[in-house]
Amino acid sequence: MNFLQTALAFAVCLGSLIIFHELGHYLVARWCGVKVLRFSVGMGKVVWSRRFGRDQTEWAVSALPLGGYVKMLDAREGDLGDLPAEDLKREFTRQNVWKRIAIVAAGPLANFLLAILLYAGLYLHGVEEPTSKINVRATETATAAAPSAAWSAGLRSGDVVTAVNEQPVAVWSELRWNLMQAAIDKTEARIAVERAGQGRFSFVLPAAVLAAQDLDGDVPGKLGLGVARPAPVVAEVIAASPAAHGGLQKGDLLLSVDGVPVADGIAFIETIGNAAGKTVRVAVRRAGQQLVLAMVPRAEQAKTGKGTVTVGKIGAYIALQPDMITVPSSPLAAVGKAVARVWDTSVMSVKMIGKMITGEVSLKNVTGPITIADYAGQTARMGAASYLSFIAFISISLGVMNLLPIPVLDGGHLLYYSLEVLTGRSVPERFGEIAQRLGIGLLLTLMLLAVFNDVARLL
């Protein structure tokens with residue numbers, strides 16, 4: 001069932017982005033008076049098509065689903081000698097350079113527009129998200145003695161973050177976003193917080209700490225920050241489980257495991273997970289009394305990002321839901337926030353690409369269709385808001401990628417036309433052919449790298 005849901009979510013995401021991108025090219029081409037011969041979703045052999053409109057444009061679905069194209073009347077693709085003069089005027093290469101620039105740029109711009117529309121709709125409706133109340137881990141890991149960066153800076157569990165580097169913060173995603181920006185820019189993060197009963201404080205995560213972060217994964221988590229969660233109260237105990245045999249009951253407040261205090265449900269689950277097959281003594285508070293219960297976590301296999309591992313489980317559900325908040329925006333504010341989000345995401349994507357080229361960021365951050373499909377399925381199961389937000393993010397990524405100055409991509413054609421504007425002459429045909437071959441080679445290399453990274457993540 002999950003596989004079918006993932007496949008459907010991926011198909012809807014990719015299909016909608018391809019259609020929107022190609023519609024950008026198509027509509028601007030028609031607006032500029034260029035004749036469009038075919039609009040295809042997919043590449044390669046046409047498997048279905050119909051013709052519509054005055055120009056009898058062929059609307060097609062092709063065999064390879066990873067992409068699409070708009071085929072215009074183009075002298076470079078065949079002999080146009082038999083065409084009437086009226087159609088020859090509508091040939092692509094006979095248009096002035098500014099019309100050609102507009103047609104080529106319309107695809108990526110359509111992706112940015114789609115992202116703005118999706119984000120604006122989400123902001124207008126309001127999205128339920130965890131608040132910016134934080135949990136701070138005292139040490140780098142559960143088994144390490146070194147203090148975490150957040151703890152060393154002075155942040156403490158229960159603090160409510162109100163701003164990062166002067167940027168207001170109300171929800172966890174905004175906090176995470178601003179920390180990612182600081183890590184990419186290698187600047188310090190000045191964090192303003194409100195501490196219950198004590199007032200407002202400001203703390204600094206040093207630039208050196210943020211610059212040292214691997215951007216692949218959970219940056220806040222590596223700094224020692226997590227979403228604040230409720231007190232670890234037992235929500236349910238499964239019959240005949242280690243928890244039931246040990247005497248754990250619904251409503252028990254978990255205090256410690258083998259004398260080590262547990263801050264929340266996540267910390268308790270991590271501790272039990274590392275104790276498979278071992279007897280643990282769990283201290284709880286029940287009806288005002290403190291009890292110590294002995295139980296042996298059952299060893300089970302679980303899939304993680306690092307493969308299949310053995311974890312301990314006792315058969316109890318713990319309260320994990322953090323404080324949530326829904327922040328709707330006015331129409332004007334929603335559009336403004338959406339435009340800012342798309343701009344910031346685009347800039348961050350360009351910075352990441354630049355850092356991968358210079359070696360500052362690992363190439364394992366290049367992802368392919370398998371990873372995208374996995375995330376599409378995960379976000380679809382989380383709800384409509386998460387799924388639409390994911391589509392918006394991928395739409396931005398597609399827009400940025402297509403603007404890269406690589407021959408065969410839109411950005412490569414825009415580079416040619418920019419040179420034509422500067423020199424007054426079109427790029428020599430021979431030069432264009434060589435550049436096309438190099439561009440195809442580079443794209444194939446990137447695709448192979450992306451698929452390799454996808455498979456490596458699975459293994």
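**Reading hairpins, sheets and loops in a predicted chain**

Reader: In the hairpin of β11 and β12, which residue takes a positive phi, and how many residues are between the strands?

Author: Asp258 takes the positive phi, near 50 degrees, and the hairpin of β11 and β12 has 2 residues between the strands. Before going further, please keep in mind that this is a predicted model, in which local features need pLDDT of at least 70 and side-chain atom pairs count only at pLDDT 80 or more, while totals for chains, interfaces and linings use all residues. Residues are numbered from 1 along each chain as its sequence is written, and side-chain values use heavy atoms, with hydrogens and water left out.

Reader: How many helices and strands does the protein chain have, and what counts as a helix or a strand?

Author: Helices are DSSP runs of H or I with at least four residues, strands are runs of E with at least two, and both are numbered from the N terminus. By that reading the protein chain has 14 helices and 18 strands, and its C-alpha atoms fill a box of roughly 95 × 45 × 40 Å along the principal axes.

Reader: Where do β11 and β12 belong, and in what order do the strands of their sheet stand?

Author: Two strands pair if DSSP finds at least two bridges between them. Here β12-β11-β13-β14 is the order of an open sheet of 4 strands with antiparallel pairing. Because β12 and β14 (289-295) stand at the edges with a single partner strand each, one side of each is left without a neighbour in the sheet.

Reader: Which residues are bridge partners of Val257 in β12 and in β13?

Author: In β12 the partner of Val257 is Val260, and in β13 the partner of Val257 is Val282. The pairing of β11 with β12 (residues 260-261) is antiparallel and rests on 2 bridges, whereas 4 bridges join β11 (residues 253-257) to β13 (residues 280-286), again in the antiparallel sense. Leu253 has Arg285 as its bridge partner in β13. When you follow such a strand by eye, remember that in a regular strand the side chains alternate between the two faces of the sheet.

Reader: Which strands form the open sheet that contains β7 and β8?

Author: That open sheet has 4 strands in the order β6-β5-β7-β8, with antiparallel pairing. The edges are taken by β6 (167-168) and β8 (199-205), each with a single partner strand, so one side of each is left without a neighbour in the sheet. Within this sheet, β5 (residues 160-164) and β7 (residues 189-195) run antiparallel and are joined by 4 bridges, with Val160 standing opposite Glu194 in β7. For β7 and β8, which also run antiparallel, the number of bridges is 7, and Ala192 stands opposite Ser202 in β8. These two strands form a hairpin with 3 residues between them, and Gly197 in the turn has a positive phi of about 75 degrees.

Reader: Where is Gln56 found, and what is the phi of this residue?

Author: Gln56 is found in the loop between β1 (36-52) and β2 (57-72), and its phi is near 55 degrees, a positive value in a residue other than glycine. A second case is Val408, in the loop between α12 (384-402) and α13 (410-423), where phi is near 85 degrees, likewise positive in a residue other than glycine.

Reader: How should I read the burial of these loop residues, and what share of the protein chain is made up of buried residues?

Author: Buried means under 20% relative accessible area, exposed means over 50%, and partly exposed lies in between, with a 1.4 Å probe and protein chains only. Gln56, at 42% relative accessibility, therefore counts as partly exposed, and Val408 is partly exposed as well, with a relative accessible area of 27%. Across the 459 residues of the protein chain, buried residues make up 40%.

Reader: In which helix is Ile434 found, and what separates the C-alpha atoms of Ile434 and Pro407?

Author: Ile434 is found in helix α14, and with 39% relative accessibility it counts as partly exposed. The C-alpha atoms of Ile434 and Pro407 are separated by 9.4 Å, although the two residues are 27 residues apart along the chain. Helix α14 also holds Val451, which is partly exposed at a relative accessible area of 37%.
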